[in-house]
Amino acid sequence: MYSIGVDLGGTNIAIGIVDDNYEIVIKDSVPTPVSEGAEAIVDAIADLCLSLCDRAGIPQTEIRSVGIAAPGSVDPAEGVVKYANNLPFKDFPIAALLRRRLACQTIHVENDANAAAWGEAVAGAAKGTKDSVMITLGTGVGGGIVIDGKLYSGFNYAGAELGHMVIVADGRPCTCGRKGCFEAYSSATALIAMTEEKMAECRASGRKTLMEEIVAEKGSVSGRTAFQAARRNDPAGLEVVERYCFYLACGLTNLINIFQPEILSIGGGISNEGDYLLSRLIPIIERERYGGNSVKPTEIRIAQLKNDAGIIGGAVLA
């Protein structure tokens, strides 16, 4: 038997058929038809599910369930996306509508960050543990929490908004309306802003930085710009990376102090910096975490499933 995992994004819909060993048998993606409306998105999901079954030679009768990892506020009990900022969904009964198109009637909907955290818990960096936290560093900061082998989402399914705890009182404005949120200092968006600020500071003072050469070559500032310069021992690049890692370590230490997970995994685009990133975070966290050497430490890892986390997590949750 198989399950289908759907990673629904504002730009693309990625879908995979997952076997009982949590391996993806076949996957593909299509653009999300946002401009065509909510029901067109359901049609696109159904069409790709059916296409993958045909291509893999798997009858629909062998699909036990479909799991949708969706952005925004989700009510898994009702199969409804309450609100998604980048999708035309408001109290949208996505599970019920998808049941009309597919033979499989077991359809589960979960927040995408929660689904990714579950994927890492069952098949990725936190496999074999009961308590873990995953943080994703992308355009924003998302995350998911697993406690005693169960996904935690609060009584109203809106919990685990890890990016929106304040780490700097009255600090940088956040997209959520607060100031000083973890997301405002530790997302890829925040890192790009820090990089641009440092480059402007260098220009104003006449200071040379390799970041200018990297941007000229790549065409724009990215979340990698400062790290690429820092790896080449560029002082300004190193300053950006150190400042960014200071804020990131602050948020991660807060999460460790609150939840004391066995594994804390880091995903999203910034996690591609791998050991270079961890080597700067771990010393700060070890210095700052509650309990010091008297408490068994949380292990910090880079997430393993990358872009497949939502597909696998969604499939397994379903």
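The exercises below, each with a worked solution, concern a predicted model.

**Exercise 1. The packing of α5 against α8**

Describe how helix α5 and helix α8 pack, giving the angle, the distance between the axes, the handedness of the crossing and the residues that meet.

Solution. Begin with the general description: two packed helices are characterised by the angle between their axes and by the distance between those axes. For α5 (residues 188-205) and α8 (residues 235-259), the angle is about 145 degrees and the axes lie 10 Å apart. The next step is the handedness, and here α5 passes α8 in a right-handed crossing. Turning to the residues, α5 contributes Leu191, Met194, Thr195, Glu197, Lys198 and Cys202, which meet Ala236, Glu239, Val240, Arg243, Tyr244 and Tyr247 of α8. Sorted by character, the residues of this contact comprise 7 nonpolar, 1 polar and 4 charged.

**Exercise 2. Threonine 195 within that contact**

Is threonine 195 buried or exposed, and which residues does it touch beyond four places away in sequence?

Solution. First place the residue: threonine 195 belongs to helix α5. Its relative accessible area is 0%, and because buried means under 20%, threonine 195 counts as buried. Once residues up to four places away in sequence are set aside, threonine 195 touches Met211, Val221, Thr225, Ala226 and Val240. Of these, Val240 is also among the residues of α8 that α5 meets.

**Exercise 3. The span and surroundings of α1**

Compare the end-to-end reach of helix α1 with its expected value, then state which of its residues are buried and what covers them.

Solution. Helix α1 (residues 38-56) has 19 residues, and from its first C-alpha to its last it reaches 28 Å, which is close to the 27 Å expected at 1.5 Å a residue. The buried residues of α1 are Ala38, Ala40, Ile41, Val42, Ala44, Ile45, Ala46, Leu48, Cys49, Leu52 and Cys53. The elements that cover these buried residues include the strands β1 (2-8), β2 (12-18), β3 (24-31), β4 (63-70) and β7 (89-92), together with the helix α2 (94-99). As a last step, look just past the helix, where α1 is followed by glycine 57, whose phi is positive, near 70 degrees.

**Exercise 4. The span and burial of α3**

How many residues of α3 are buried, and what distance separates its end C-alpha atoms?

Solution. At 1.5 Å a residue, the 12 residues of helix α3 (residues 112-123) should span 16 Å, and the end C-alpha atoms are indeed 16 Å apart, so the two values agree. The helix is mostly covered, with 10 of its 12 residues buried. Those buried are Ala113, Asn114, Ala115, Ala116, Ala117, Trp118, Gly119, Glu120, Ala121 and Val122. Trp118 also leads to strand β11, since lysine 150, which is placed in that strand, is in contact with Trp118 and Ile145 when neighbours within four places in sequence are left aside. Lysine 150 itself counts as exposed, at 60% relative accessibility.

**Exercise 5. Cysteines and the disulfide count**

How many disulfides does the model have, and how far from cysteine 49 and cysteine 176 is the nearest cysteine sulfur?

Solution. A disulfide is a covalent bond between the sulfur atoms of two cysteines. With a cut-off of 2.5 Å between the sulfur atoms, the count comes to 0 disulfides. For cysteine 49, the nearest cysteine sulfur is that of cysteine 53, at 7.0 Å, and cysteine 49 is in no disulfide. For cysteine 176, which is likewise in no disulfide, the nearest cysteine sulfur is that of cysteine 181, at 3.7 Å. As to their surroundings, cysteine 49 is buried, with a relative accessible area of 1%, whereas cysteine 176 counts as partly exposed at 40% relative accessibility.

**Exercise 6. Positive phi outside glycine**

Where in the chain are aspartate 170 and lysine 306 found, and what is the phi of each?

Solution. The point of reference is that most residues other than glycine have a negative phi. Aspartate 170, although not a glycine, has a positive phi of about 55 degrees. Aspartate 170 is found in the loop between β11 (150-152) and α4 (182-186), where it is exposed, with a relative accessible area of 64%. Lysine 306, also not a glycine, has a positive phi of about 50 degrees. Lysine 306 is found in the loop between β13 (299-302) and α10 (309-317), and at 45% relative accessibility it counts as partly exposed.

Terms used. Residues are numbered from 1 along each chain as its sequence is written. This is a predicted model: local features need pLDDT of at least 70, side-chain atom pairs count only at pLDDT 80 or more; totals for chains, interfaces and linings use all residues. Side-chain values use heavy atoms; hydrogens and water are left out. Axes are lines fitted to C-alpha atoms, for helices over the stretch in contact, and angles run from 0 to 180 degrees between N-to-C directions. Helices (H or I, at least four residues) and strands (E, at least two) are DSSP runs, numbered from the N terminus. A crossing is left-handed if the near helix is turned anticlockwise from the far one by less than a right angle, and right-handed if clockwise. Contact means heavy atoms within 4.5 Å. Ala, Val, Leu, Ile, Met, Phe, Trp, Tyr, Cys and Pro count as nonpolar, Asp, Glu, Lys and Arg as charged, and the others, Gly among them, as polar. The expected span of a helix is 1.5 Å times one less than its number of residues. Buried means under 20% relative accessible area, exposed over 50%, partly exposed in between (1.4 Å probe, protein chains only).
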